[in-house]
Amino acid sequence: MTDGDVSVLLQSYLRELEHSETTSSIVVDGHRFNMLNLRLKTSARNATPRLYWCAANRVVKDENISGKVPGLYGRLTGGDADEFTYVCYLTSDFLDEHVRSDRTDFDLPERIPGENPVGEPSLDDIRRGVFQEVARVLLEPLSAAQQAGKERVHQFVTTKAPKYRPLIKYIESSGITVDPGIKDQDLELELHRHVQKIEAAVLAEGQAVFAQSSGDKPEGYDERLAKYLETVTEFNQSDLANYVSRRRTTLHILEKLIQSDAEGKYPREESIHELLFPMRKDSNEVGADASNLWILDERLVFHDYLASDKTFKSIVIAEDDSMNRPDVLVTRVIRPDAPVLAAEGKKMPLQSIVIVELKRPMRNDATEGKNPIEQCLEYVARVRAGTAKTATGRPIPSTDDPPAFCYIIADLTPTMVNRCKLSGLTMTHDGMGYFGFIEPYKAYIEVMSYDRLVNAATERNRAFFDKLGLSSS
């Protein structure tokens, strides 16, 4: 072939590309179709398996058939261990007769719903026949690719997505096949799609089972019910595994957020704040799933009201016009009928106040006027001084000095350590924090470094991580 000054010997060019070729044929609705099956040496240019529809001695249309046959993806391995990409050239007198005059497509329907009144195959009918023949022609390499894909799914579920482990038998029975080289995020989406289909089928099965629960039950009903309940249990296990996995991921993100960049700079506290609880929101605006305050204290999940970076003026539980913004303010209300405190046989309501202050990692400016311990105590005093209400606006019966807990999340820089000592706080046994009780304010104070925060949360959840095979570090 010559194009201007460029000449190419086509036979030599094809020998460089071609690994091997075979021919075969199929019959669809009485019409014969010939297939030229090529195994091409894999390169960046031809790493996608394709089907070429030919008529009148030329290619009319082609399509990517990756994944259309189980195990058929970019690269396959033959018996000689060499990688190849499969392509098929499809020819037929039938296609010659139905090619359009401009040779850009065929005058054939994509598919024919129901019975075929014409007796001629649609493009989809032909395609199905081709795929069946491809599965036969490439039986050995496709089987190897399917096994590699199965191992890829198991490796991903075991190491990165244990939430799918209770459901793996259902996923496999649904006929999932994946490219062994698939990216993690794409595999996650593929597994999620299969689980959604399985969950829909389980829901339909549950409706059918319970519809038969009254009156005379059909034969085999008990076995069908038991199988349904077993499946539901495994879905519940998957939900729990997903919850624990999310916790590990959240801690991993926090570990990254407290590290310095290439220039030695640390991120601002806003990004850490958003991870714990969305800023400038309160518990009336954000659902429980959006909060990660369990990292600090599991008990913070159970609260009456929580405000994140909102001014006292905008906080609904207190009457205060101050524009000061606690990073996180939490109140818990114990109902009068709850036996928490008792005095002379009478039950008393109890309100507890929790203040959380976050400082930028390695920030070293905890001086007079910027002391986070003093800030927390001032916020406690403001809540106590105001007319406290529940989140629904109901007045909270007053008590003398409701319990207050202040958490300061800050690295132990020299100025922060100095503030802790001046406040009479005691160093923790691991040297990564300080704690103590400030008598004039009736407030418990805990200062913890970011490393202590991550370590403590990891230790509390370690048993769950280990159970799922998740790394705790």
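**Exercise 1.** Determine how many bridges join β5 to strand β8, and which residue of β8 R50 stands opposite.

*Solution.* Strands β5 and β8 (residues 83-91) run parallel and are joined by four bridges; two strands count as paired if DSSP finds at least two bridges between them. Strands here are DSSP runs of E with at least two residues, and helices are runs of H or I with at least four residues, numbered from the N terminus. Within this pairing, R50 stands opposite V87 of β8.

The model is predicted: local features need pLDDT of at least 70, side-chain atom pairs count only at pLDDT 80 or more, and totals for chains, interfaces and linings use all residues. Residues are numbered from 1 along each chain as its sequence is written, and side-chain values use heavy atoms, leaving out hydrogens and water.

**Exercise 2.** Describe how β5 pairs with strand β6, and state whether β5 is enclosed or open.

*Solution.* First, β6 (residues 58-64) runs antiparallel to β5, with six bridges between them. Next, Y52 has D62 as its bridge partner in β6. The hairpin has two residues between the strands, and A56 takes a positive phi near 55 degrees there. Finally, five of the six residues of β5 (residues 50-55) are buried (under 20% relative accessible area, 1.4 Å probe, protein chains only), so the strand is largely enclosed by the rest of the structure.

**Exercise 3.** Check the span of helix α4 against its expected value.

*Solution.* The expected span is 1.5 Å times one less than the number of residues. For the 21 residues of α4 (residues 139-159) this gives 30 Å, which agrees with the 30 Å between its end C-alpha atoms.

Notes:
Buried < 20%, exposed > 50% of the residue type's maximum accessible area, 1.4 Å probe, protein only.
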